[in-house]
Amino acid sequence: MNGNAKTIRFMDTTIRDGQQSLIATRMKLEEMLPILETMDNAGFHSVECWGGATFDSAMRFLKEDPWERLRTFRRHFKKTKLQMLFRGQNVLGYKCYPDDVVEGFIRKAVENGIDILRIFDALNDIRNIESSVRAVKKSNGHAQLCICYTLSEVHTIEYFVNLAKSMADMGADSIAVKDMAGLLTPAATYTLVGEIKKAVNLPLAIHSHYTSGMASMAYLKAVEAGADIIDTAASPFALGTSQPATEVMAEALREFGYDTGLKMENLIAMADYFRPLREKALKSGLMDTKVLAVDVEMLKYQVPGGMLSNMVSQLKELKAEDKYAEVLAEIPRVRADLGYPPLVTPSSQLVGTQATMNVISGERYKVVTKETKEFARGMYGQTPAPISEEITEKIIGGEKPITVPPATLLEPMLGKAASEIKEYTEQEEDVLSYALFPQVALDFFKHRYTLKYGIDTTLTDKENPVYPA
Ligand code: CO
């Protein structure tokens, strides 16, 4: 590499977003273990390995302790920074949590091995990431503050640049642009990245999904415009609703004279390792060919990868696969009604579920989910555009929405959570798991307890129903 080569760094997403987007986060820790050392020596800027849906999924479907999983990663990644995706005041859950949960969670995440926290708010309401930033600073972690990219009449370049500036003012160590739905076109990316880099003197990461087939072109333009980090996945878990493929981007950029710091033999070893896992998932149907194809309709519906693969499996379960197109068409209408939230967890689930209700019940807002009501009440934060009075009336009747940051209205909850699960607590971290996912965590703790002591806790509970339902 010549001395003038510009550096571009990669974050590998294979074991987080890659598998979350393509196989609904069902990759087991034991399926990752044999390749971790190769990944550690590949030369990545960081490996995204935790957060997002992986935490919930580990306990719910895989019966794994997510904290133990993180400690295992930390032991295996001796050189590479570990990164997680964090939903600000929503932590890793689907609603707003009080500050004690946010702070406790971040402290434990860093203690157990996370270096970089990519923090976003689903509505880009930066009041909702303030406590997270404070907590990351206190733990000496790296706060990568993240803009959710989306398209709407209010989401202009100026809007995003102002957001980046506010994030820099808040103390961001770096900035990320997160394009959940693969909406970034090459030209839009070039302008956006250029303008953000001009306005803010911080490293900039670009995260997109291949859903609409544009992400690798968008990355190339992002790099030309001065982006510092791109997010990619090993090819067997890339493309489709996942990220561009690491090997392809690395080779293309190398030829342009960029120093990627990556070792091609490690990237190829990763591809060889993950390919049989992909084959297995295709065979079992876990990886649906629907999420692998280029979907130009995504530019219209703005449905992020994870949301799409979840929706496919939900509709399958409801035996309502024939409603797929109708639900997809209802999503942008619900989104406009709700003030154009970017479609990212938890607003993506909320909009997706409400759209499904609107279609399946046969009348719009005849059935309104609890989450949609909370959203209209302002309990998720400020929406990018106001929600009309007509829609507010339909959803919450005559109630008046709040205007303060939602977390300021919440009581601390860790004390109560700790007392509710004291029989099952094996580590401080369990209280956080339970605070975020009470039922899922409790089921997991019982499973763990049964494995360890051979006592069937479902019987114990019937005799002594002291545990929350
Ligand atoms: Co993503």
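**View 1. Strand β2 is enclosed by the rest of the predicted model.** In this predicted model, 6 of the 6 residues of strand β2 (residues 46-51) are buried, so the strand is largely enclosed by the rest of the structure. On one side, β2 pairs with β1 in the parallel sense over 2 bridges. M11 has S46 as its bridge partner in β2. Strand β2 is also joined to β3 by 5 bridges, and these two strands run parallel. Here S46 stands opposite K81 of β3. S46 therefore appears in both pairings, as the bridge partner of M11 and opposite K81, within a strand whose 6 residues are buried.

**View 2. D12 of strand β1 is buried without a salt bridge.** D12 belongs to strand β1, which spans residues 9-12. The residue is buried yet has no salt bridge. The nearest side chain of opposite charge is that of R16, 10 Å away, whereas a salt bridge requires the nitrogen and the carboxyl oxygen to lie within 4 Å. Leaving aside neighbours within four places in sequence, D12 is in contact with several residues, including S46, V47 and E48. Other contacts of D12 include M39, F44 and M270. T232, A233, A234 and T246 are also among the residues in contact with D12.

**View 3. The cobalt ion has D17, H207 and H209 as its protein donors.** The donor atoms are OD of D17, NE2 of H207 and NE2 of H209. They lie 2.0 to 2.1 Å from the cobalt ion. Along the sequence the donor residues follow the spacing D-x189-H-x1-H. D17 and H209 link distant parts of the chain, being 192 residues apart. D17 is in helix α1 (residues 14-23), while H209 is in the loop between β7 (204-208) and α10 (215-224). Both D17 and H209 are buried.

**View 4. Strand β4 is covered on both faces.** Strand β4 (residues 116-120) is largely enclosed by the rest of the structure, because 5 of its 5 residues are buried. One side carries I116, R118 and F120, and the other carries L117 and I119; all are buried. R118 is thus a buried residue on the side that also holds I116 and F120.

**View 5. Strand β4 pairs with β3 and with β5.** Strand β3 (residues 81-86) is joined to β4 by 4 bridges, and the two run parallel. M84 has L117 as its bridge partner in β4. The connection between these strands includes helix α6 (residues 99-111), and β3, α6 and β4 make a right-handed β-α-β unit. Strand β4 is also joined to β5 (residues 142-148), by 5 bridges, again with the strands running parallel. In this pairing the bridge partner of L117 is A143 of β5. A right-handed β-α-β unit is made here too, by β4, helix α7 (residues 130-138) and β5. L117 takes part in both pairings, with M84 and with A143.

**View 6. R71 and D65 form a salt bridge.** Side chains of opposite charge can pair when their charged atoms come close. A search of the whole structure finds 33 salt bridges, and the one between R71 and D65 has its closest N and O atoms 3.9 Å apart. The cut-off for a salt bridge is 4 Å. D65 has a relative accessible area of 14% and so counts as buried, since buried means under 20%.

**View 7. Salt bridges occur within helices α10 and α19.** K221 forms a salt bridge with E224, with the closest N and O atoms 3.0 Å apart. These residues are 3 residues apart in helix α10, so about one helical turn separates them. K221 is partly exposed at 28% relative accessibility, and E224 is partly exposed at 40%. In helix α19 (residues 414-420), E420 and K416 are 4 residues apart, which also amounts to about one helical turn. Their side chains meet in a salt bridge of 3.0 Å, N to O. E420 is partly exposed, with 26% relative accessibility, whereas K416 is exposed, with a relative accessible area of 59%. Elsewhere, salt bridges that share partners join R107, K108, E111, E428 and E429 into one network.

Key. Residues numbered from 1 in each chain as written. Predicted model: local features only at pLDDT ≥ 70, side-chain atom pairs only at ≥ 80, totals over all residues. Heavy atoms only, no water. Buried < 20%, exposed > 50% of the residue type's maximum accessible area, 1.4 Å probe, protein only. Lys, Arg positive; Asp, Glu negative; His and termini not counted. Contact = heavy atoms within 4.5 Å. Donors = N, O, S within 2.8 Å, 3.2 Å for Na, K, Ca; no water. Pairing = 2+ DSSP bridges. Right-handed = clockwise from strand over helix to strand, strands pointing away.
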